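User: I am new to this structure and would like a quick tour. Can we go through it in short questions and answers?

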Amino acid sequence: MVGELICAMMEGKGRGVIARHSIAASDLLLCARPAVVLEGPPDPEGAPDAARLVPALVQAANAQDVPQIRAALQYLYDGTDASRLQLPDIRTMMNLAKHSSSSSSSSSSSLQEGLQESCCDHDHSSGHHHHHHDSHSHSAAEPAAADADKLTEQQASLLVKYNAFADDYEDLAAAAVRGAAMPHSHVGLWPQFALFNHSCLPNSVHYLVGHAMVVRAVEDVAAGEELTVSYLGREEFAPAGARQAVLQERYGFACGCARCQLESQAPRQLQQQLLDTYRQVMQDLKPRFLEAVEHQDQSNLAAVQAQLQTLEHFLSAALQQHRAVLSDSAVLVLQAAVYDLYELLLFCEQLLPQGNEAESKHAALACIGRCLAILNCVSKGAELHVFLASRLLQHAVDLRGPDSAQAEAAAQLFLEAHRMRYGSQLEQQVQLELMEANKQAAEEFLM
């Protein structure tokens, strides 16, 4: 699919990646090797420090036997207007990465054919090539990059600041299927991936398999439409102001995506209520919830649940009050700003079941369905989306039986979430192994 991607100038925000031709949801967009990557053990406290990438990037870029890394880095944003105006050929950058991969520490793995090239077929593009080369663009065979000045530590620091990507985990199911002893946290720089712009309502999902960065469409994308990813982690489940503060601090830009605009156009009273609810959940109720779980304090857990229910009641009433001007999708987008409220209610429902067993399962099923609907709106194909769909299926089967209409509907939602993340071209056995691995991972991460 690399042949379907064009780097172009986007009105009001510099360059970005657009679709040359129409792209279908679940299509693979990119599978890229890193210029440099560091890994560590899976760590809920965070991936390795990005500052450690700087000396590694300097060493990799200045290695005389792999000048292609230095050539690929020249296209990246470094904080200057000149770098923002470059329009590299993404296929050229992929070719540079191929030439450099044998000497870098970043071998790709795959889910299929021995988990080779990360379930990706980026060599199997339609053959379309765009011609947006400018004076900065060179083919892989040109010697200009090899003769360029060596990368300095200061230059590397800027490239890392604006282009590095870090995550606490690689794709957990893929790690299990490819037989990884332990999934790793990572921080690295993938030059082709760094060309994608951010949206709080992205139409693509990205994740790592081994060291390969995978980007896949989660919406149908028309020719000429921009392809976006989310730069945020858990912060994507926050009100617009909180998200924008993070993006400004980390990357130095103000987000004006469709989700941010929708929130800014919501009634001011509702915006304030979302922000107040978010702050109360994150600053007070979530810490109290975690403490109650740690100490198995049922009384305090029940008190937290009661407060969460009160917050949810008032927020639901406020959203209902404005239903005349809010579509169903707009309501889900707004609810995503306080997603932790709904997730904590789900956890409380599981830890403090009320009434008889059937009533408790019904209540849990409703909570999962609400959380899944939010994820399906703002974060399709994310690992959490797949986990929630897996849990919904499990509860539907337990409650109604495997042959029930509810179980069949939940199975379809699980398959759809899975397809958005991993595509529809995997061998059946690999698909089944991934689904089972995601079911097991959901048990750990969703209580």
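Analyst: One definition before we start. Helix axes are lines fitted to C-alpha atoms over the stretch in contact, and angles run from 0 to 180 degrees between N-to-C directions. Bear in mind that this is a predicted model.

User: At what angle do helix H7 and helix H8 pack?
Analyst: H7 covers residues 240-251 and H8 covers residues 258-265. Their axes are 10 Å apart. The packing angle is about 140°.

User: Which word describes how H7 and H8 lie to each other?
Analyst: Over 145 degrees would count as roughly antiparallel, and 65 to 115 as roughly perpendicular. The angle of about 140° fits neither range. H7 and H8 are therefore oblique.

User: Which residues make the contact of H7 with H8, and how many of them are charged?
Analyst: H7 brings Ala240, Arg243 and Gln244. H8 brings Arg259, Cys260 and Glu263. By class there are two nonpolar residues and one polar, and the charged ones number three.

User: Where is Phe253, and which residues is it in contact with beyond its neighbours within four places in sequence?
Analyst: Phe253 sits in the loop between H7 and H8. Its relative accessible area is 24%, so Phe253 is partly exposed. Leaving aside neighbours within four places in sequence, its contacts are His198, Tyr231, Leu247 and Gln248.

User: How far apart in space are the C-alpha atoms of Phe253 and Lys13?
Analyst: Along the chain, Phe253 and Lys13 are 240 residues apart. In space, their C-alpha atoms are separated by 9.0 Å.

User: How many helices and strands does the protein chain have, and what share of its residues is buried?
Analyst: The chain has 16 helices and ten strands. It holds 447 residues. Buried means under 20% relative accessible area. The buried share is 53%.

User: Which helix gives the most to the largest nonpolar core?
Analyst: This core has 58 residues, and Leu308, Leu315, Tyr339, Leu341 and Leu388 have the most contacts inside it. Helices that each supply at least two residues include H9 (268-294), H10 (298-321) and H13 (357-378). The top contributor, with nine residues, is H14.

User: Which residues does Tyr339 contact, leaving aside its neighbours within four places in sequence?
Analyst: Tyr339 is among the residues with the most contacts inside the largest core. Outside its own stretch of four places either way, its contacts are Arg234, Phe237, Cys371, Ile374, Leu375, Leu384 and Leu388.

User: How many residues does the second core have?
Analyst: This core is separate from the largest one. It includes Leu30, Ala32, Val58 and Phe165. Its residue count is 47.

User: How are H9 and H10 oriented to each other?
Analyst: Their axes come within 10 Å and cross at roughly 165°. Angles over 145 degrees count as roughly antiparallel. H9 and H10 are therefore roughly antiparallel.

User: What is the handedness of the crossing of H9 and H10, and how many nonpolar residues does their contact have?
Analyst: H9 passes H10 in a left-handed crossing. Among the residues that meet are Leu270, Val281 and Phe289 in H9, and Leu301, Leu308 and Phe314 in H10. The contact has five polar and two charged residues, while the nonpolar count is 16.

User: Is Gln296 buried or exposed?
Analyst: Gln296 lies in the loop between H9 and H10. It has a positive phi of about 50° although it is not a glycine. Its relative accessible area is 70%, and the cut-off is over 50%, so Gln296 is exposed.

User: Is Ser26 buried or exposed?
Analyst: Ser26 is in the loop between strand E2 (14-19) and strand E3 (28-32). Ser26 is not a glycine, yet its phi is positive, about 85°. At 6% relative accessibility, Ser26 counts as buried.

User: Which handedness does the crossing of H1 and H5 have?
Analyst: H1 spans residues 53-62 and H5 spans residues 153-163. Their axes come within 9 Å and cross at roughly 115°. The crossing is right-handed.

User: How many nonpolar residues are in the contact of H1 with H5?
Analyst: H1 supplies Leu53, Val54, Leu57 and Val58. H5 supplies Glu153, Ala156, Ser157, Leu159 and Val160. One residue is polar and one is charged, and the nonpolar ones number seven.

Notes:
Residues are numbered from 1 along each chain as its sequence is written. This is a predicted model: local features need pLDDT of at least 70, side-chain atom pairs count only at pLDDT 80 or more; totals for chains, interfaces and linings use all residues. Side-chain values use heavy atoms; hydrogens and water are left out. A nonpolar core is a set of buried Ala, Val, Leu, Ile, Met, Phe, Trp, Tyr and Cys residues joined through side-chain atoms within 4.5 Å. Buried means under 20% relative accessible area, exposed over 50%, partly exposed in between (1.4 Å probe, protein chains only). Contact means heavy atoms within 4.5 Å. Angles under 35 degrees count as roughly parallel, over 145 as roughly antiparallel, 65 to 115 as roughly perpendicular and the rest as oblique. A crossing is left-handed if the near helix is turned anticlockwise from the far one by less than a right angle, and right-handed if clockwise. Ala, Val, Leu, Ile, Met, Phe, Trp, Tyr, Cys and Pro count as nonpolar, Asp, Glu, Lys and Arg as charged, and the others, Gly among them, as polar.
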